[in-house]
Amino acid sequence: MTHHSDHLPATCCIVGGGPAGLMLGYLLARKGVHVTLLEKHADFLRDFRGDTIHPSTLEIIWRLGFLDEFLQLPHQRAEKLYGEIDGKETTLADFSHLPTQCKFIAFMPQWDFLNFICGKAALLPTFSLVHNAQVTGLIEENGTVKGVNARINGEEKRIDATLVVGCDGRNSVVREQAGMKIRRFGAPRDVLWLKIHKLPDDPQWSMGHRGPKKNFIMIDRGDYWQCGYSITKDSLDALQQQGLAPFLALLTEVSPFTLARLESDIRHWDEVKLLKIRIDRLKSWAIPSLLCIGDAAHAMSPIGGVGVNLAIQDAVATANLITTPLLRGRLNLKHLQRVQRRRAFPTWATQSLQIMISKAGQKKRTKPPGRTELWLRSRKFIPFLFGRLIGIGFYREIPRGL
């Protein structure tokens, strides 16, 4: 998109074309809000992003009226998630009883999801997407944000806006420029992602398969396996110093793959991607005329794969709460603070659960499971409970006024 003016007016300027930004932009524009969305990259093609579309998000897409079209995109489905506990395969989460239109997780490359939502938003006359747009600063007057400065295709532009929404991820420029304070909770592990091509005779390994040892997961991506190996935080340098061959030999101990197959697909360290796990959240998500949502407001652990879906729920809640005052020209800080109040509990509860699971995984078992643990493992309702927490979350967010 080419712009010939140094000033680009918008009622709402959204920074970041991820799941939260695009969903919010679509919902606001569908109601007639003039939206300019700034995406710093030329496209949405990024590897190893969150690729799980949970029942809660599928429900939102159904409510928006294009679920059937969306599900025509290539994807894999998981009605249950499995794992191994003490060497035995067990059902970790079961989505079959959820009160949703779709009772499964859809595994889909995030760029396909983003391109789909972008295509729907592009049909709306009040939506504008600008690629290659890097925000360089906020425009402030008397303590109120009035827009952003951005470098678009190498040219400096000014985007005037009634509201700026930071949806630019865990390394948010908007959050940094606004000086918003963050509470960091740390995480003891990082994740290494890698691709292993599928073979015709591969078994139907499922997400959550951990091999004979822990710390290894596999996700079926159709023509390849997306594999994650959890490592102690900041230990990648030590692994690299030991060499690629010892690392691949280690993977054979925790995965179902032979060394020859790993050596065929992983030939350089460049084919091993590091995800630094962070869990944090803003103390306050808003200042006058500026709001942060999604990872910009709360970075999640990959446990449960819930980050994308929480971000989308943030977007739906935001649209529900601010559309009317934004259209009427009456938006103020209290409206933005209502978004945080609405989303604070599910954020806190999900992060607390992730921290608890992460700490439990760090403890070395020195004795057999106790009676309480064995009793819980045998309860048939546990997979349905986790199915609810993973599939829907602690709150449901449904778009209003459709």
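Here a biologist and a modeller talk through the sheets, a salt bridge and a cavity of this predicted model.

Modeller: A word on the ground rules: the model is predicted, so local features need pLDDT of at least 70, side-chain atom pairs count only at pLDDT 80 or more, and totals for chains, interfaces and linings use all residues. Residues are numbered from 1 along each chain as its sequence is written, and side-chain values use heavy atoms, with hydrogens and water left out.

Biologist: Happy with that! What makes β9 and β10 a pair?

Modeller: Two strands pair if DSSP finds at least two bridges between them. Strands are DSSP runs of E with at least two residues, helices are runs of H or I with at least four, and both are numbered from the N terminus. β9 (residues 133–141) and β10 (residues 144–152) have eight bridges in the antiparallel sense, so they count as paired under that rule. Ala133, for instance, has Ile152 of β10 as its bridge partner. The two strands form a hairpin with two residues between them, and Asn142 in the turn has a positive phi of about 55°.

Biologist: Which strands are the edges of the sheet β14-β15-β13-β16, and why are they called that?

Modeller: They are β14 (216–220) and β16 (273–275), and each pairs on one side only. The sheet is open, with four strands and antiparallel pairing. On average, neighbouring strands are turned by 25° against each other, direction ignored. β13 (residues 189–197) meets β16 over three bridges, with Leu192 opposite Leu274.

Biologist: How do you know that helix α7 packs on this sheet?

Modeller: Contact means heavy atoms within 4.5 Å, and α7 (residues 244–254) touches β13, β14 and β15 (224–232). The direction of α7 makes about 105° with that of β15; axes are lines fitted to C-alpha atoms, for helices over the stretch in contact, and angles run from 0 to 180 degrees between N-to-C directions.

Biologist: Why is Glu69 with Lys120 called a salt bridge?

Modeller: The term asks for a side-chain nitrogen of Lys or Arg within 4 Å of a carboxyl oxygen of Asp or Glu. Here the closest N and O atoms are 2.7 Å apart, so the pair qualifies. Glu69 lies in helix α3 (residues 67–70) and Lys120 in helix α4 (residues 110–122), 51 residues apart. The structure holds 16 salt bridges.

Biologist: And what makes a space a cavity?

Modeller: On a 1 Å grid over the protein atoms alone, a cavity is a set of points where a 1.4 Å probe fits but cannot get out. Points are joined across faces, edges and corners, and the volume is the space filled by probe spheres set on them. One cavity of 30 Å³ or more is counted, and the largest has a volume of about 50 Å³.

Biologist: Which helix gives the most to its lining?

Modeller: Helix α2 (residues 55–64), with four residues. Lining residues have an atom within 4 Å of a point; among them are Pro55, Glu59 and Arg396.

Methods: 1 Å grid on protein atoms, 1.4 Å probe; cavity = no way out; pocket = protein on both sides within 12 Å on 5 of 7 lines; lining within 4 Å.
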